[in-house]
Amino acid sequence: MRLYWELVWLGFRRTAAYRTAAISGAITNTFFGFLRAYVFIALYQNRSDAGGYSLENALAFAFITQGLAALIALWSWWDISETIQTGNVVTDLSRPYDYQFAWLAQDYGRAVYQFGMRTVPPTVVGMLAFGFALPTDPLRWLLLFPSLLLAIAVSFGWRFCLNLTSFWIIDHRGVAGIGLLTGFLLSGFVVPLAMWPDGLRTVVALLPFAAMVAIPVDVLLGKLEGADLVAALGVQAFWAIAMLGAGRLMLGAALRKLVIQGG
């Protein structure tokens, strides 16, 4: 286990090396948080509620999701793909660790740094600018921790599979575009899933993408309680196992395709 803890630390330090990028990213996330907040303010001009979300909830949603963008890294993480394209994947595969878990450990380290640098700042600025308050119930914060851990695992499983497509295709940009669009639309990042039409919302809520963004946000905002909360965490756990399992199967297929000169 010590090896994987060291890899968590490695992922943290690797991400922390790009402080300027993190600061500029936090500023960008905050800027788009303002844009989205004013869209919600316009939406609530003639209503007090939408899908069970008050205006205060919607404003909190806008900035929290902007903060989650870097934490989940749903749209811009191609580290594995780059090692495949350069051939450095051979070195990684020859090291004495589990390849998938090693990358997962590094991703958790990356997420810890991004939480402090790009998740907290936009949320705090939004609170100061628009006056919304985050919950004070310690139970919500306690439940948020495992929800975020599972969200990162699901997101990593999805990104891991997308990255492994580089074993079969030369350029991953097409896959990146499809992955970006899919995650952006179906994760509940744009608007809360509670605002979606009933039938469509039911289907999307069961997909892995909701486990990455929508569920953690609803856990924090207190939109899930009792059996619904347990079921939501269960959905996250299921998709974390399923996506990591799919990645394991895909890695096995990729290794059968991989040819290493001299080996």
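Buried means under 20% relative accessible area, exposed means over 50%, and partly exposed is anything in between, using a 1.4 Å probe and protein chains only. Keep that handy for the exercises below.

This is a predicted model, so local features need pLDDT of at least 70, side-chain atom pairs count only at pLDDT 80 or more, and totals for chains, interfaces and linings use all residues. Residues are numbered from 1 along each chain as its sequence is written, and side-chain values use heavy atoms, with hydrogens and water left out.

**Exercise 1. Classify Thr182 as buried, exposed or partly exposed, then find what Thr182 touches.**

Step 1: Find the place of Thr182, which is helix H8. Helices here are DSSP runs of H or I with at least four residues, strands are runs of E with at least two, and both are numbered from the N terminus.

Step 2: Check the accessibility. Thr182 has a relative accessible area of 21%, so it is partly exposed.

Step 3: Look for contacts, meaning heavy atoms within 4.5 Å. Skipping residues up to four places away in sequence, Thr182 touches Ser187 and Phe209. The C-alpha atoms of Thr182 and Phe209 are 8.3 Å apart, with their positions 27 residues apart in sequence.

**Exercise 2. Describe how Trp158 and Phe209 pair up.**

Step 1: Recall the rule. Rings of Phe, Tyr and Trp (its six-membered ring) pair if their centres lie within 6.5 Å; planes under 30 degrees apart are stacked, over 60 edge-to-face, and the rest tilted. The structure holds 18 such aromatic pairs.

Step 2: Warm up on Phe40 and Phe61. Their centres are 6.1 Å apart and their planes stand at 85°, so this pair is edge-to-face. Phe40 sits in helix H2 and Phe61 in helix H3, 21 residues apart, so to speak a link between distant parts of the chain. Both rings belong to buried residues.

Step 3: Now do Trp158 and Phe209. With centres 4.9 Å apart and planes at 85°, the pair is edge-to-face, so the label follows from the angle. Trp158 is in helix H7 and Phe209 is in the loop between helix H9 (198-205) and H10, so the pair ties together parts 51 residues apart in sequence. Trp158 and Phe209 are both buried.

Step 4: Look for a cluster. Ring pairs join Phe34, Tyr38, Phe63, Phe130 and Phe132 into one.

**Exercise 3. Find which residues have the most contacts inside the largest nonpolar core.**

Step 1: Define the core: buried Ala, Val, Leu, Ile, Met, Phe, Trp, Tyr and Cys residues joined through side-chain atoms within 4.5 Å.

Step 2: Read off the answer. The largest nonpolar core has 65 residues, and Ile64, Leu68, Ile80, Met212 and Val217 have the most contacts inside it. Among the helices that each supply at least two of its residues are H3 (55-72), H7 (138-164) and H11 (226-257).

Step 3: Zoom in on Leu68. Leaving aside neighbours within four places in sequence, Leu68 is in contact with Ala73, Leu148, Val213 and Val217.

**Exercise 4. Work out which polar contacts Ser81, Asp92 and Thr119 make through their side chains.**

Step 1: Set the cut-off. A polar contact is a pair of N or O atoms within 3.5 Å; within protein, one must be able to donate a hydrogen and the other to accept it, and residues adjacent in sequence count only if both atoms are side-chain atoms.

Step 2: Take Ser81, in helix H4. Ser81 is buried, at a relative accessible area of 0%. Its side chain joins that of His172 in a polar contact of 3.1 Å. Beyond four places in sequence, Ser81 touches Asn163, Ser166 and His172.

Step 3: Take Asp92, in helix H5 (residues 89-94). Asp92 counts as buried at 10% relative accessibility. Its side chain makes a 2.6 Å polar contact with the side chain of Arg95.

Step 4: Take Thr119, in helix H6. Thr119 is buried, with a relative accessible area of 8%. Its side chain reaches the backbone oxygen of Gly67 at 2.8 Å.
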